[in-house]
Amino acid sequence: MTAPKVQDITPKALFFNRRRFLQATGLLAVAPPLSALASNFPFQPAEGEARKLKLTDKEHVLSYNNFYELGTDKSDPLRNANRLKTDNWQVEVLGECAKPRLFDMDDLLALQQEERVYRFRCVEGWSMVVPWIGFPLKALLDKVEPTSKAKYVEFVSLLDRKNLPGQRFDILDWPYREGLRMDEAMHPLTLMATGLYGEPLANQNGAPIRLVVPWKYGFKSAKSIVQIRLTDQQPTSSWMQATPSEYGFYSNVNPQVPHPRWSQARERPLGSLLKQKTLMFNGYAEEVADLYRGMDLKKFY
Ligand code: MTE
């Protein structure tokens, strides 16, 4: 069986999601290609250095994925994309905060404000450069007024054993869970993404809303998030629980700390045959190294 082409998959849910997304960004008539992003675009197009990064072909970003709820093969998430049901999506933000709240997608799309071109690196050694659309996680967390006890943030992805084929197997302890320290979560680089390449997120990329933490390995960027919990304890992510010797809480991109089964010194950009050197913090050292001042990053991997 041949895998369907990206352009063949336009589930109804994606269409409606797309309509709302475009309404929120004032783009109902047409979604311009990235090259057409103009100064009157309702969210801020990425500027400066970020613009100079060579973007990965959209086809690769939409068809080579990790999303274990939709299968473990890189081609499974696209093939099974319509098994993810995104209608009436809500994100519950709760825990150590003064104003816990349920947000629906209209609330979240109203926060959407900018495009960011980020490097993204998977722990398995491939990388990509993607123009994401979304808003800083901080904008959402500020709305619920975290208390002084909020030291960590836990992200919980959708649990839907009936529809998500991967959740019929105990590959991970479902639902998928990830976590950040509060200062990492509030860092201006930490993005809640609702779209990429000027369009709403495709299901295989974690529709309708996912995290993107560009200086950490890709698995920290939880997809299809339904709950965000502020806690006083460090959360245990699904990957830490599955293989603690391989996946720690921090998971910063660090070419000097090999994965127990392979080196992390180099990476292969999707679409390229050649590998390139991996940069400390995935190239974001200037912005984030201060968060880890004084920490032994070999111990806190
Ligand atoms: N989120 C959920 N819910 N389930 C997953 O299996 N995989 C992670 C991350 N987020 C995953 C997830 C991993 S390992 C990577 S590398 C990125 O998603 C891949 O994102 P992409 O497919 O959009 O490139």
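Two strands are said to pair if DSSP finds at least two bridges between them. The exercises below apply this definition to a predicted model.

**Exercise 1. Determine in which sense strand 1 and strand 2 pair, and how they are connected.**

Step 1. Count the bridges: strand 1 and strand 2 share 4 bridges. The definition asks for at least two, so the two strands pair.

Step 2. Establish the direction: the pairing of strand 1 with strand 2 is antiparallel.

Step 3. Locate a position in this pairing: Q90 lies opposite D104 of strand 2.

Step 4. Find the connection: a hairpin of 5 residues leads from strand 1 to strand 2.

**Exercise 2. Identify the bridge partners of E92 and L94 in strand 10.**

Step 1. Place the strands: strand 1 covers residues 90-95, and strand 10 covers residues 225-231.

Step 2. Describe their pairing: these strands run parallel and are joined by 4 bridges.

Step 3. Read off the partners: E92 is bridged to Q227, and L94 is bridged to R229.

**Exercise 3. Give the strand order of the open sheet and explain why strand 2 and strand 6 each have one side without a neighbour.**

Step 1. Write the order: the 5 strands of the open sheet are arranged 2-1-10-5-6, and the pairing is mixed.

Step 2. Examine the edges: strand 2 (101-104) and strand 6 (177-181) each have a single partner strand, so one side of each has no neighbour in the sheet.

Step 3. Add the twist: from one strand to the next it averages 20 degrees.

**Exercise 4. Describe the largest pocket by its volume and its lining.**

Step 1. State the volume: the largest pocket has about 440 Å³.

Step 2. Examine the lining: 27 residues line the largest pocket, and those nearest its centre are N66, C122, Y176, G218 and F219.

Step 3. Sort the lining by residue class: 14 residues are nonpolar, 7 are polar and 6 are charged.

**Exercise 5. State the mean pLDDT of the protein and find stretches where pLDDT stays under 50.**

Step 1. Begin with the whole protein: the mean pLDDT is 89, and 84% of the residues reach 70 or more.

Step 2. Turn to the stretches: pLDDT stays under 50 over residues 1-13 and over residues 29-41.

Step 3. Consider contacts beyond four places in sequence: the model has 16 for residues 1-13 and 14 for residues 29-41.

Notes. Residues numbered from 1 in each chain as written. Predicted model: local features only at pLDDT ≥ 70, side-chain atom pairs only at ≥ 80, totals over all residues. Heavy atoms only, no water. 1 Å grid on protein atoms, 1.4 Å probe; cavity = no way out; pocket = protein on both sides within 12 Å on 5 of 7 lines; lining within 4 Å. Points joined across faces, edges and corners; volume = space filled by probe spheres on them. Nonpolar A, V, L, I, M, F, W, Y, C, P; charged D, E, K, R; others polar. pLDDT = per-residue confidence, 0-100. Contact = heavy atoms within 4.5 Å. Helix = DSSP H or I, 4+ residues; strand = E, 2+ residues; numbered from the N terminus. Axes fitted to C-alpha atoms, helices over the stretch in contact; angles between N-to-C directions.
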